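Student: Please take me through this one slowly. I'd like to see how each label is earned.

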Amino acid sequence: MNSFFGLDFGTTNSALSVNENGNVRLIDIDEFNLAGKTLRSILFFNENSNVFVGQGAVNEYLKNHANSRLMQSIKTSLPHKNFTHTDIYGKKYTLPDLIAIILKHIKKTGEKDVGYEINDVVLGRPAVFSANKEEDALAEERLKKAAQNAGFKNIRFQFEPIAAALSFESSLK
């Protein structure tokens with residue numbers, strides 16, 4: 001079977017589609033999001049070193065936000081070279097490490113839906129992460145590293161405006 005994921009890792013929400021032999025469909029990637037199929041791009045770490053993703057992260061934060069760490073809008077840090085790592089309860093996390101937690105959750109949920117492993121992904125990226133070419137390249141490199149850390153082996157990028165246009169075009173058929 002010729003299959004690959006289309007993944008939009010967003011600043012606020014993320015979405016996943018699968019292309020199976022030319023048939024594309026959106027996958028529900030957050031069991032706690034009753035309003036839609038997207039996953040909030042949020043991480044929550046509690047003091048017991050448990051990590052939660054998406055609406056589950058929000059739910060856990062609301063239950064007990066004392067002695068915890070909630071992280072959102074992680075994508076916005078991709079072009080910032082001064083973000084080398086953060087320490088959470090004694091463990092060091094780089095930006096690709098943090099993003100990989102979200103992408104790994106998305107990949108695992110998508111594979112559970114389709115019933116088999118998928119190693120190929122077309123990953124959306126902004127047309128410009130930063131006007132500075134060096135920072136823009138760093139952002140894409142970090143996003144690629146995060147996807148590799150999540151288990152994807154074949155990673156291609158598509159500019160988000162083009163991906164949106166292709167999606168619209170497919171709805172016209």
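Tutor: Let's start with a rule: a residue counts as lining a pocket if it has an atom within 4 Å of a point of that pocket. Keep in mind that this is a predicted model.

Student: Okay, which helix gives the most to the lining of the second largest pocket?

Tutor: That's α2, with six residues that pass the 4 Å test. Residues from β6 (51-53), α1 (55-63) and α2 (95-114) are all in the lining, at least two from each.

Student: How many residues line the second largest pocket, and which lie nearest its centre?

Tutor: There are 17, and Glu31, Val53, His105, Lys108 and Thr109 lie nearest the centre. The space inside is about 400 Å³.

Student: What makes a lining residue charged or nonpolar here?

Tutor: It goes by residue type: Glu and Lys count as charged, Val as nonpolar, and His and Thr fall among the polar ones. Sorted that way, the lining has seven nonpolar, four polar and six charged residues.

Student: Now the strands. How do you know that β5 and β6 pair?

Tutor: Pairing takes at least two bridges. Strand β5 (residues 43-46) and β6 have three, so they qualify, and they run antiparallel. One of the partnerships sets Leu43 against Val53 of β6. Val53 also turns up among the residues nearest the centre of the second largest pocket.

Student: What is the order of the open sheet of three strands?

Tutor: The order is β6-β5-β7, paired antiparallel. From one strand to the next, the twist averages 15°.

Student: Why are β6 and β7 said to stand at the edges?

Tutor: Each has a single partner strand, so one side of β6 and one side of β7 (68-71) are left without a neighbour in the sheet.

Student: What packs on that sheet, touching β5, β6 and β7?

Tutor: Two helices do. The direction of α1 makes about 125° with that of β6, and the direction of α2 makes about 110° with that of β5. Touching here means heavy atoms within 4.5 Å.

Student: Which strands does β10 pair with, and in what sense?

Tutor: Strand β1 (residues 3-9) is joined to β10 (residues 120-125) by three bridges, in parallel, with Leu7 partnered by Leu123. β10 also runs parallel to β11 (residues 154-159) over six bridges, and there Val122 stands opposite Arg156. Both counts meet the minimum of two bridges, so both are pairs.

Student: What makes the crossover from β10 to β11 right-handed?

Tutor: Point the strands away from you: a clockwise path over the helix earns the name. The chain goes from β10 through helix α3 (residues 133-149) to β11, and this β-α-β crossover is right-handed, so that path runs clockwise.

Student: What is unusual about a positive phi?

Tutor: Most residues other than glycine have a negative phi. Ser49 is not a glycine, yet its phi is positive, about 70°; Ser49 sits in the loop between β5 and β6. Tyr89 has a positive phi near 50°, in the loop between β8 (86-88) and β9 (91-93).

Student: Where does Asn21 take its positive phi?

Tutor: In the hairpin of β2 and β3, which has two residues between the strands; the phi of Asn21 is near 50°. β2 (residues 13-20) and β3 (residues 23-27) pair antiparallel over five bridges, and Glu20 has Asn23 as its partner.

Note on methods. Residues are numbered from 1 along each chain as its sequence is written. This is a predicted model: local features need pLDDT of at least 70, side-chain atom pairs count only at pLDDT 80 or more; totals for chains, interfaces and linings use all residues. Side-chain values use heavy atoms; hydrogens and water are left out. On a 1 Å grid over the protein atoms alone, a cavity is a set of points where a 1.4 Å probe fits but cannot get out, and a pocket is an open set with protein on both sides within 12 Å along at least five of seven lines; lining residues have an atom within 4 Å of a point. Grid points are joined across faces, edges and corners, and a volume is the space filled by probe spheres set on the points. Axes are lines fitted to C-alpha atoms, for helices over the stretch in contact, and angles run from 0 to 180 degrees between N-to-C directions.
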